[in-house]
Each structure stands twice: as C-alpha cells, then as structure tokens.
Amino acid sequence: RAVAMSVSHSSRLNKLVREQYMRLPQDGRVQVTYVWIDGSGEGVRCKSRTLDREPKSIEDVPEWNFDGSSTAQAEGSNSDMFLVPVCMFRDPFCLDPNKLVLCEVLKYNRKPAETNLRHTCKKVMDLVKDSHPWFGMEQEYTLLGINGHPYGWPDNGFPGPQGPYYCGVGADKVYGRDIVESHYKACLYAGVKICGTNAEVMPSQWEFQVGPCEGIEMGDHLWMARFILHRVCEDFGVVATLDPKPMTGNWNGAGCHTNYSTEEMRREGGLKHIEAAIEKLSRRHDYHICVYDPRGGRDNSRRLTGHHETSNIFEFSAGVANRGASIRIPRQVGQDGCGYFEDRRPAANCDPYAVTEAIMRTTVLDESGVETKDYAEH
C-alpha cells in the first residue's frame, strides 16, 4: 500500500517536462536571481531579471528595487526599497551562466532597512580586519511536511527515543537524505563555502557547516546556503524550519554553533588569547543572548534549558569538550595550545551578521555592557 506523504502539490509536477525547457539556449543573455532578507529577519525572498551579458563581478550587477510593503519592510504609500548587490554565486537551479546575487536592502532614503544587519556588520569587520577573524557556523534545521509535522515521523505518534539518529544510516534512522545531499551539491556548485553535513540527534533534523569564512563572508555564505536549502526543499515538496525548538518535550533543539578564531588564537600560544576572549564574553552574556536570535532571546529561551546538549540561558559557562557549556574549547585545541573556540549559544534562526558582529565587538573592540558603539564616524 502506498503511503501518503505530506509534500506539496508542485513537487509532484513532471520534472522531465521542466528539464526540456531548462536545456534551451539563452543566446548570450543571463538570468540573475536577486536574493534578500525580508522584514521578519528570518525569511528570504527572491526575484529574477535578464542581463544582456554574464556579470563577471558584483559591480556588473545593477541595483534593483522591490515592493517593501509586501515583505513587511515598508508602508504601501512609500513602498519602493533598493536592492544593492553584495555577493554573487553560480546558480545551481538554472545552471551557468546564470547567477544568484545576495543583496542588502536600503529604504527609500538609502538608509539600511531594519533587518539589514549586514550594514553595521560590514563596518565592524572592516575595523577589525587586521585580526583576520575566521568563522565557521553549524546550521541545524528540521525537515517538515507541509502539514508542519516533522518529515518521516508517524502521523499519529512519535518515533523511538533519541539515540540511533545522530549521524545515522538506514531508512529507519534518517529521513530526507536526498534533500541533504542535493543541498550539499548545490552549495558546492554555487561556490558557497559549505564544509560538511550530518544527521542530527532528533530524527528529521540535520546540520550543515559553512566555513572557514573571514569577516563579512561568513554571513554572506550562510544566508546563501539557507536560500539554497529552502529552494531545494521546495523542489522536493517539504519545508526546512530553523525554529530553535520545533518539537516540545524530550527532543533536541536546533542551534547555529559558531566557531571563531583570530590570527593570534591560531598561532602558537594562542590559548591565552582564546581564554582572554572567553573572559570578555563572560562579562557580556546578556548582550549576546539578546542578539543570538531574532526575538531578543525569547526563541532561545525555549532551547537553552541546560538540557539536550545546551547551557542554561541565564548562566555563562565554558569548558574543554563540554557540550553543555556556553563556550566549548575543543579538546584538540586544549592539547595544541592554539586554535579556535565554539560559541554554542546562537539559535538556529539567528542572523549570522548579528552573531559575528557581536563577537567582534566584544572580543576585539573590547565593548562592554548592553549598549553598542556607533563607529560610523571612524
């Protein structure tokens, strides 16, 4: 008996027919898909246009605009928003020579939109560029059917307890590997710095890792990896959610663990610089919690309970190889005396621009307290 799965109607369309059209020549013209972050601070939007020739650099891609009143970014009476191209990738869906272009959003007065957190992140990264900050972010996500139920879970019940699913193999242990592997290949093709993937602790939950990326590149590449994930899931008819706690109860939540180092930390004797940075972070815990999810910590409060491999949201802690701590120093780093550390607090739906900017403000620019400095004049 065929089992009905909760997938979208469009995923059942005949994809062979689509392939017939995708193979048609373009006569030198190029399709460019503009991608941006919407007014939720979590969702991505896109639209496409034709250019007469293939853009060789981001400077070859013109600015564009969109209706911000339809993305919760403007009033209907003054709705035009600017799309400013900032980073270009190959298009794994329409293939070469077509492009995906990540954009910043500016308001009618050319000031950054409220959810354009890249703007200040770029300023901070330019200030600290001599420290050569490297980041790697571990994006956890959960696959859902379009009914909102975790993909592959029984319709009326739950799978067996957590244990066999993490890095699992087998049809009774992992759900949706086709999606994961398609996303991986699409990111490699696009030029996204994806560096790994694995099945996570909760069934139908997965993770991919992006990095190492230096400075602003971290946010650019993670946002494009997220866009590609949602787009791949669209083809398969399922949904990827970045909710930090998609299932209540005895199930793991979803984070976006952030690995970080400066050039000093990576050199011999760097452990003392790692420990100094962790000490600075310990004195600014509340500030970081506020920027590590889009709702000022409310989303993370469902996840950071001190259980399911998390720290308690109200306490700062650090330790070697401790996955229940706010900050984990990998055991190898402890042995080598240099390397990087992992901030385990960011939620799966964090904005990577906000996270990486906050880390630099605290550990390199020596900010303290809950207020941030405006470096616009410097």
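Let me begin with what an aromatic pair is here: two rings of Phe, Tyr or Trp, the last by its six-membered ring, are paired if their centres lie within 6.5 Å. The model I am showing is a predicted one, and a search of the whole structure under that criterion finds 8 aromatic pairs. One of them is formed by Tyr260 and Phe341, whose rings are 5.4 Å apart centre to centre with 90 degrees between the planes, which makes the pair edge-to-face. Because Tyr260 lies in strand S10 and Phe341 in strand S13, residues 341-343, this pair ties together parts that are 81 residues apart in sequence. Both Tyr260 and Phe341 are buried, and ring pairs also bring in Phe135, so that Phe135, Tyr260 and Phe341 are linked into a cluster.

Staying with strand S10, which covers residues 256-261, we come next to Thr262, placed in the loop between that strand and helix H5, residues 263-266. Thr262 counts as buried because its relative accessibility is 5%, where the cut-off for buried is under 20%. If we leave aside the neighbours within four places in sequence, Thr262 is in contact with Ser131, His132, Pro133 and Val364.

Now to the cysteines. How many disulfides does a search of the whole structure find? The search finds 0, and the individual distances are informative when set against the cut-off of 2.5 Å between sulfur atoms. Cys187 is in no disulfide, the nearest cysteine sulfur being that of Cys195 at 11 Å. Cys256 is likewise in no disulfide, and here the nearest cysteine sulfur, which belongs to Cys350, is 4.1 Å away. Cys187 counts as buried, with a relative accessibility of 0%, and Cys256 also counts as buried at 0%.

Cys195, by contrast, is partly exposed, with a relative accessible area of 45%, and is found in strand S7, residues 194-199. Apart from residues up to four places away in sequence, Cys195 touches Tyr184, Gln209, Val210 and Gly211. The C-alpha atoms of Cys195 and Phe208, which are 13 residues apart along the chain, are separated by 7.6 Å. For another pair, Lys122 and Gln162, 40 residues apart along the chain, the C-alpha separation is 40 Å. Lys122 itself is found in helix H2, residues 118-127, and is partly exposed, with a relative accessible area of 30%.

Let me turn to helix H10. Does its end-to-end length agree or disagree with what 12 residues should span at 1.5 Å a residue? The 12 residues of H10, residues 352-363, should span 16 Å, and the end C-alpha atoms are 16 Å apart, so the two values agree. The helix is mostly covered, with 12 of its 12 residues buried, and among these buried residues are Glu357 and Arg361 as well as Val355, Ile359 and Met360. At the N-terminal end of H10, Asp351 acts as a cap, with a side-chain oxygen lying 2.8 Å from the backbone nitrogen of Tyr353.

Finally, a word on annotation. The unreviewed UniProt entry places the feature "domain: GS beta-grasp" at residues 30-110. In the model, the chain over residues 30-110 is 0% helix and 48% strand, and the C-alpha atoms at the two ends are 28 Å apart.

Note on methods
Residues are numbered from 1 along each chain as its sequence is written. This is a predicted model: local features need pLDDT of at least 70, side-chain atom pairs count only at pLDDT 80 or more; totals for chains, interfaces and linings use all residues. Side-chain values use heavy atoms; hydrogens and water are left out. Helices (H or I, at least four residues) and strands (E, at least two) are DSSP runs, numbered from the N terminus. Buried means under 20% relative accessible area, exposed over 50%, partly exposed in between (1.4 Å probe, protein chains only). Contact means heavy atoms within 4.5 Å. UniProt positions are given in the numbering used here, feature names are shortened, and annotations may be inferred rather than shown by experiment. The expected span of a helix is 1.5 Å times one less than its number of residues. A polar contact is a pair of N or O atoms within 3.5 Å; within protein, one must be able to donate a hydrogen and the other to accept it, and residues adjacent in sequence count only if both atoms are side-chain atoms. Rings of Phe, Tyr and Trp (its six-membered ring) pair if their centres lie within 6.5 Å; planes under 30 degrees apart count as stacked, over 60 as edge-to-face and the rest as tilted.
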